[in-house]
Amino acid sequence: MTLEDKCNKMTDIMAAFIGHTTVRLPDDVISRLNELRAAEDDPAALSIYDMMFENIRLASELGRPSCQDTGLAQFRIDCGSSFPLLAQLEEILTAAVKKATEETPLRPNAVETFDEINTGTNTGTGAPSISWNIVPSWDGCAITTYLAGGGCSLPGHAAVLMPGEGYEGVVRFVLDRIAEYGPNACPPLLVGVGIANSVDTAAQLSKKALFRPVGSHNPNEKASAMESMLEDGINKMGIGPQGLGGKASVLGVNIENAVRHTATLGVGVSLSCWTHRRGKIVFSKDLGFNTDTHAGFTYGQ
Amino acid sequence: MTETINGKTIISTPFTDSDLNALHAGDVIFINGDIVTGRDDVHIRAVRENIDLPADLRGKALMHAGPIVRRSSDGGYEMISIGPTTSMRMEKFEYDFIEKTGVRLIIGKGCMGSRTAEACRKFGAVHCVLPAGNAVVGAACIEEINGLDWQDLGMAEALWSLRVKCLGPLIVSIDTSGRNLFEEKKKEYNARKEEQIEEISKKLETIL
């Protein structure tokens, strides 16, 4: 296969995968939603869960985007240093977003700032957004996809606290944001929290946290315990599906952390709605692939 | 006109004073008839730029929504996915929008603020929430796309005139007395938030 053929093949697979993730939620999210519905006893909340599951079924049956806001594409790439298409990946993902916009179809959401013109393709300056991690001595490539909707991107927030505010300050920062903006952001939410040095590192980690599976835990035992405490506490706020009350407010809380400066405590919060359109696809060097988020996805295999 | 069919309250356009005044925050309804989509840019154009809407909203519903629509083979349009968007973004304009257009039923997502509640009380309007993220179920309620205005705003921001059948469940979040369900709920959430901050902080002390 020529380099061009390989690029076209990977573009086609990625366009199909992006389309598939708008139609079908990842398996971990569906499984958590099932658990939350089973634990709910409020009749109004139950009727909202019923509508959600009817929508999941119908979207899959008709092959249509489950939510009209198909978001802006964000990718996290963990690329092996010897993956043959490393240098072409950005071009491939941009082409895949354009193709998925046309074929799925996705709603055109990308507006160039200052010019205030919708590009019509969901691509443009800095879009799709890509964060890179190069994995030494590997020839494969893992791509995590996320379609960030407007409604759940609105509550995103980051700040640098003074160390004296401590982890209690972090808890207040997160819960304040959720009480004020959570009910509008399509709960039950996935909450991503970043704890680090500055606004940019904390904000980036809060988004990275949303790329982790629902139910996964931070490898640091204390951070993991804090994830469970926040999850339990936010659920006890009783926000419920659509913010109208119910047992669960969140799908989960994921914390990602890094060092802080001795004089700072950076914290960031990113939220995802219940229709959390995340996918992960792992390519081998010859473009064979597998996905652990969407067991049903196939493309020419 | 308001009917009860199989236990469901169904209200059809054109909405009357008695249809709307009978609704209370927390009620669940479904609607039949004519709705028009309008979100950020429609509100900016109508209120800030003071341009008259090309569609008459009197007696109809406004839906805060930006659908996915595809050209169909017969040259018309096919509704693919439609659901409500965050209503709070329109808070800045909604009082004036209601006054200007005479719209009396608004469908959206999440809470709206005190100015909209004031407009609902003054002009006899209601705001309802359609559970969001359910855009394929939403599209199944659209019988016909019968108008497209301000197409220059793009697919999501344009005014789409739609005929709907049994769109819902819609939960009344602000009623014509100005009662605001979300404001009440948010007070509860905030009270529990303070308890939980204290609770979590105590637990954290044991591990940090």
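**Helix α4(B), the core and the chain contact**

In this predicted model, helix α4 of chain B spans residues 114-123, and its buried residues include B:Thr116, B:Ala117, B:Ala119 and B:Cys120. These four sit on the same side of α4(B), because the arc they cover around the axis is only 160°. As for what lies over them, the cover includes three elements of chain B: α3 (91-101), β8 (126-129) and β10 (159-174). Just past the end of α4(B) comes B:Gly124, with a positive phi of about 70°.

Next, the core. In soluble globular proteins, nonpolar side chains tend to be buried together. Here the largest nonpolar core holds 148 residues, and the ones that touch the most other members are A:Met14, A:Val174, A:Val191 and B:Cys128. Both domain 1 (1-149 + 277-301) and domain 2 (151-272) of chain A supply at least three residues to this core. To pick out one of those well-connected residues, A:Val174 is in contact with A:Val193, A:Leu230 and A:Val269, once its neighbours within four places in sequence are set aside.

Then there is the contact between the chains, which takes in 48 residues from chain A and 45 residues from chain B. On the side of chain A that touches chain B, the elements giving two or more residues are α3 (43-62), α6 (166-181) and α8 (221-236) of chain A. Of these, α3(A) provides the largest share, nine residues. Sorted by character, the residues on this side of chain A come out as 26 nonpolar, 14 polar and eight charged.

How values were computed: Residues numbered from 1 in each chain as written. Chains lettered and ligands numbered in written order. Predicted model: local features only at pLDDT ≥ 70, side-chain atom pairs only at ≥ 80, totals over all residues. Buried ≥ 20, exposed ≤ 12 C-beta atoms within 10 Å, placed from the backbone. Arc of directions from axis to C-beta. Contact = placed C-beta atoms within 7 Å. Core = buried A, V, L, I, M, F, W, Y, C linked by C-beta atoms within 7 Å. Domains from an automatic or database assignment. Nonpolar A, V, L, I, M, F, W, Y, C, P; charged D, E, K, R; others polar.
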